[in-house]
Amino acid sequence: MKNILPLVIAIWFLGFTIIGIPIIAFLDFIKGFTLGFSICSLINSLGGKGIWMSVFGIIPQNVIYLPCIVFISVLAMELSLSTFRNRLEKQWTTNVVNTIGSYSLVIFIIIIFSFLGFFIEGYFTPHMVKLIV
């Protein structure tokens with residue numbers, strides 16, 4: 001939880017800002033890069049055993065995390081873009097309180113869904129890695 005929740009909270013907060021779009025894209029890029037680098041490093045250093053370590057040690061929880069992070073990022077970028085448009089037009093077309101409330105509620109629901117990934121990472125992955133090692 002300590003690895004994913006700060007990222008989700010940062011993306012949630014950046015959705016309220018106008019400069020959120022490039023920073024959110026950069027955070028998504030960094031997450032993807034580190035995941036790919038981890039998998040490639042395992043495969044490169046351990047060979048066939050690294051493939052199994054990646055399949056059973058890294059990929060299961062990230063099957064849950066990545067769609068959650070991408071969905072949250074899209075929502076945050078959409079809110080950031082609508083904030084930018086409203087500032088340009090100098091008019092607020094929607095109720096800000098309702099927008100922020102629905103945005104935060106959807107992100108909270110996605111965080112609840114990501115607890116499945118936390119469960120997999122905490123209980124399933126260590127046992128699978130022990131079997132492989």
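This report describes the fold, the helices, an aromatic cluster and some single residues of one predicted chain.

**Basis of the model**

The model is predicted: local features need pLDDT of at least 70, side-chain atom pairs count only at pLDDT 80 or more, and totals for chains, interfaces and linings use all residues. Residues are numbered from 1 along each chain as its sequence is written, and side-chain values use heavy atoms, with hydrogens and water left out.

pLDDT is the predictor's confidence in each residue, from 0 to 100. The chain has a mean pLDDT of 87, with 97% of its residues at 70 or more. Among the elements, helix α2 (residues 20-46) has the highest mean, 92, and helix α4 (residues 96-132) the lowest, 86.

**Overall form**

The chain contains four helices and zero strands. Here helices (H or I, at least four residues) and strands (E, at least two) are DSSP runs, numbered from the N terminus. The order of elements from the N terminus is α-α-α-α.

Along the principal axes, the C-alpha atoms fill a box of roughly 60 × 25 × 15 Å. The radius of gyration of the chain is 18 Å, whereas a compact globule of 133 residues would have one near 14 Å. That radius is taken over C-alpha atoms, and the globule rule is 2.2 Å times the number of residues to the power 0.38.

Of the 133 residues, 32% count as buried. Buried means under 20% relative accessible area, exposed means over 50%, and partly exposed lies in between (1.4 Å probe, protein chains only). A contact means heavy atoms within 4.5 Å. Of the contacts in the chain with a separation of 6 or more, 77% come from residues 24 or more positions apart.

**Helices α1 and α2**

In α1 the buried residues are Leu 7, Val 8, Ile 11 and Leu 14. They line one face of the helix, because they fall within an arc of 130 degrees when seen down the axis of α1. The arc is that of the directions from the helix axis to the C-beta atoms. An α-helix has 3.6 residues a turn, so residues three or four places apart point the same way. The cover over the buried residues of α1 includes α2, α3 and α4.

Helix α2 has 27 residues and spans 39 Å from its first C-alpha to its last, close to the 39 Å expected at 1.5 Å a residue. The expected span is 1.5 Å times one less than the number of residues. Gly 20, Ile 24, Lys 31, Leu 35 and Ile 39 are the buried residues of α2, and they pack against α1 (5-14) and α3 (48-89). After α2 comes Gly 47, with a positive phi near 70 degrees.

**An aromatic cluster**

Rings of Phe, Tyr and Trp (its six-membered ring) pair if their centres lie within 6.5 Å; planes under 30 degrees apart count as stacked, over 60 as edge-to-face and the rest as tilted. By this rule there are eight aromatic pairs. Trp 12 and Phe 16 make an edge-to-face pair, because their ring centres are 5.0 Å apart and their planes stand at 85 degrees. Phe 16 and Tyr 103 are also edge-to-face, with centres 5.3 Å apart and planes at 80 degrees. This second pair links distant parts of the chain: Phe 16 is in the loop between α1 and α2, and Tyr 103 is in helix α4, 87 residues apart.

Trp 12, Phe 16 and Tyr 103 form one aromatic cluster. Trp 12 is partly exposed at 29% relative accessibility, and Phe 16 is partly exposed at 26%. Tyr 103 is buried, with a relative accessible area of 6%.

**Three buried residues**

The table gives the relative accessibility of three further residues.

| Residue | Helix | Relative accessibility |
|---|---|---|
| Ile 58 | α3 | 14%, buried |
| Thr 83 | α3 | 12%, buried |
| Ser 114 | α4 | 5%, buried |

Leaving aside residues up to four places away in sequence, Ile 58 touches Leu 35, Ser 38, Ile 39, Leu 42 and Met 53. Ile 58 and Thr 125 are 67 residues apart in sequence, and their C-alpha atoms are 7.9 Å apart in space.

With neighbours within four places in sequence set aside, Thr 83 is in contact with Phe 16 and Ile 18. The C-alpha atoms of Thr 83 and Lys 31 are separated by 25 Å, at 52 residues apart along the chain.

Ser 114 touches Ile 64, Tyr 65 and Cys 68, again not counting residues up to four places away in sequence.
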